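Let's take a walk through this model, helix by helix, and then stop at a few spots in the loops. Keep the viewer open as you read.

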Amino acid sequence: MNARIVLFLAAGLGLLGCAPGSGEGLNVSGRPLSESGNVPLAATLESIQVNVFDASCTVCHAGASAPLGLRLDASSSFTNLVGVPSRQVGSLLRVEPGEPDRSYLIRKLEGTAAGGAQMPLGGPPIPRATIDFLRQWILDGALPDVVTVGTPPTVVSLQPAPDSSGPNFPAEIVAGFDQEIDASTINELTFTIERSGGDGQFDNGNDVLLVATSVGLSTANPRLALMSLDGVAAIDDRYRVMLKGSGPNVLLSVDGLALDGEYGGMFPSGDGNEGGDFIAEFEIQGRQPSLASIQANVFAVSCAVSGCHSGPTGPNLPQGMDLTSEANSFDNLVSVESVQSPGTLRVAPGDVANSYLVQKLEGTAAVGQRMPFGGAALDQATIDAIRTWIDNGALR
């Protein structure tokens with residue numbers, strides 16, 4: 001046997017000597033560790049961060065422009081993945097501890113997700129053996145890396161993103177921290193949201209503090225605070241989120257240290273010292289499927305003008321159909337029979353097709369002209385918001 005064959009067999013036996021699929025000595029692409037920071041492949045977040053996220057994902061998933069707000073840099077990956085609902089498939093978590101098959105991250109890396117391209121986008125797929133390490137990390141509980149004891153917690157992510165602007169009112173606010181938070185300190189006094197009152201400015205006397213459906217720590221990820229806005233009126237406005245690190249009620253780490261919250265436009269928050277509030281704003285622009293939004297953006301500006309639906313309530317149209325306030329609009333529309341089309345409700349909750357209001361706005365009513373009378377027809381996006389409000393039960 002010549003020397004070249006002996007060397008080849010020796011190399012092969014050396015690789016076989018490693019445990020099957022262990023990845024020992026190799027990086028994400030099966031290359032020597034020297035190419036990926038000398039961190040062996042293992043079922044730990046530290047290894048996955050270096051060998052997968054840093055090597056193949058952060059070229060896109062980093063900074064304020066990260067797709068879907070999914071930052072995967074070392075300070076953000078855990079809080080943006082574990083226990084966080086996928087924004088593409090809301091029924092799945094990006095990473096569900098103990099459930100790799102139900103984790104959207106795995107489906108995207110394996111190319112089995114119901115929508116979108118396999119990740120990494122435009123790059124070579126992550127090898128099967130490497131994905132098995134991610135699967136094992138998730139199966140083991142998707143645990144975070146150990147945080148140095150004695151450092152105050154900081155904010156590393158927020159959804160909606162600070163200074164973002166979008167058309168859809170969020171179902172929840174999600175704040176991520178760099179370490180585990182004391183669940184007893186996450187409440188409506190330490191995690192708040194308010195809107196500007198329509199002028200885009202705060203602290204001028206007309207701010208509106210929103211009452212969240214619930215506020216608490218995620219059961220899947222002790223580094224995530226969740227604020228549910230389910231049922232809260234969706235209104236176009238500017239919003240301000242605050243996480244308290246100063247005052248009588250503050251967010252604390254499990255070590256009892258107050259939030260280092262000062263936000264200067266980049267994550268993580270803080271000035272390196274314990275204490276300080278985290279404050280960030282975002283904006284919602286686009287007609288929302290709520291009576292509050294429809295009142296402010298449609299009825300008040302296009303319908304309740306002088307000589308039209310301006311009240312008082314009575315049998316004579318158009319003034320008799322009073323649309324001057326949320327309360328009046330609800331009382332004059334929802335489950336109220338049309339005067340022009342007896343037997344048809346102006347707004348039939350859950351029944352858009354038989355709601356006379358929609359017929360008048362779309363110009364399909366059998367009687368009279370299209371509304372708004374004498375003005376430009378509403379754009380389809382606005383009509384769709386009204387249709388959705390009715391579909392959802394035409395709630396007050």
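The buried residues of α6 pack against three other helices: α7, α8 (356–362) and α9. Bear in mind that this is a predicted model. On the α6 side, the buried set is Leu291, Ala292, Ser293, Ile294, Gln295, Val298, Phe299 and Cys303. Residues three or four places apart on an α-helix point the same way, because there are 3.6 residues a turn.

What about the length of α6? Its end C-alpha atoms span only 14 Å, whereas a straight helix of 13 residues would cover 18 Å at 1.5 Å a residue.

**How α6 meets its partners**

A pair of packed helices is described by the angle between the axes and the distance between them. Here are the pairs with those values worked out.

| Helix pair | Angle between axes | Axis distance |
|---|---|---|
| α6 (residues 291–303) and α7 (residues 326–333) | about 100 degrees | 10 Å apart |
| α6 and α9 (residues 380–391) | roughly 150 degrees | within 10 Å |
| α2 and α5 | about 150 degrees | 10 Å apart |

Start with α6 and α7, which pack at about 100 degrees. That angle makes α6 roughly perpendicular to α7. From α6, the contact uses Leu291, Ala292, Gln295 and Phe299, and from α7 it uses Glu326, Ser329, Phe330 and Leu333. Sorted by type, the residues of this contact are 5 nonpolar, 2 polar and 1 charged.

Now turn to α9. Its axis and that of α6 cross at roughly 150 degrees, and α6 and α9 are therefore roughly antiparallel to each other. The crossing is left-handed. Leu291, Ile294 and Val298 of α6 touch Thr382, Ala385, Ile386 and Trp389 of α9. This contact breaks down into 6 nonpolar residues, 1 polar and no charged. Leu291 is worth clicking on, since it takes part in the contact with α7 and in the contact with α9.

**Over to α2 and α5**

Helix α2 covers residues 45–57, and its end C-alpha atoms span only 14 Å, against 18 Å for a straight helix of 13 residues at 1.5 Å a residue. Which of its residues are buried? They are Leu45, Ser47, Ile48, Gln49, Asn51, Val52, Phe53 and Cys57. These pack against α3 (77–81), α4 (104–110) and α5 (128–139).

The axes of α2 and α5 meet at about 150 degrees, which makes α2 roughly antiparallel to α5. This crossing is left-handed. At the contact, Leu45, Ile48 and Val52 in α2 meet Thr130, Phe133, Leu134 and Trp137 in α5. By type, that gives 6 nonpolar, 1 polar and no charged.

As for the length of α5, its 12 residues should span 16 Å at 1.5 Å a residue, and the end C-alpha atoms are indeed 16 Å apart. Buried in α5 are Thr130, Ile131, Phe133, Leu134, Arg135, Trp137 and Ile138. Their cover includes α2, α3 and α4.

**Loops worth a look**

Right after α5 comes Gly141, with a positive phi of about 115 degrees. Ala142 has a positive phi too, near 50 degrees, and it is not a glycine. Ala142 sits in the loop between α5 and β1 (155–159). Is Ala142 buried or exposed? It is buried, with a relative accessible area of 2%.

Asp163 is another non-glycine residue with a positive phi, this one about 65 degrees. You'll find Asp163 in the loop between β1 and β2 (165–166). Asp163 is exposed, at 56% relative accessible area.

Ala66 belongs to the loop between α2 and α3. With a relative accessible area of 6%, Ala66 is buried. Setting aside neighbours within four places in sequence, its contacts are Cys60, His61 and Arg71.

Finally, two cis peptide bonds. One runs from Phe267 to Pro268, with omega near -5 degrees, and Pro268 lies in the loop between β8 (237–243) and β9 (278–284). Another joins Gly311 and Pro312, with omega about 0 degrees. Pro312 is in the loop between α6 and α7, which brings us back to the helix where this tour started.

Notes. Residues numbered from 1 in each chain as written. Predicted model: local features only at pLDDT ≥ 70, side-chain atom pairs only at ≥ 80, totals over all residues. Heavy atoms only, no water. Axes fitted to C-alpha atoms, helices over the stretch in contact; angles between N-to-C directions. Helix = DSSP H or I, 4+ residues; strand = E, 2+ residues; numbered from the N terminus. Parallel < 35°, antiparallel > 145°, perpendicular 65-115°, else oblique. Contact = heavy atoms within 4.5 Å. Nonpolar A, V, L, I, M, F, W, Y, C, P; charged D, E, K, R; others polar. Expected span 1.5 Å × (residues − 1). Buried < 20%, exposed > 50% of the residue type's maximum accessible area, 1.4 Å probe, protein only. Left-handed = near helix turned anticlockwise from the far one by under 90°.
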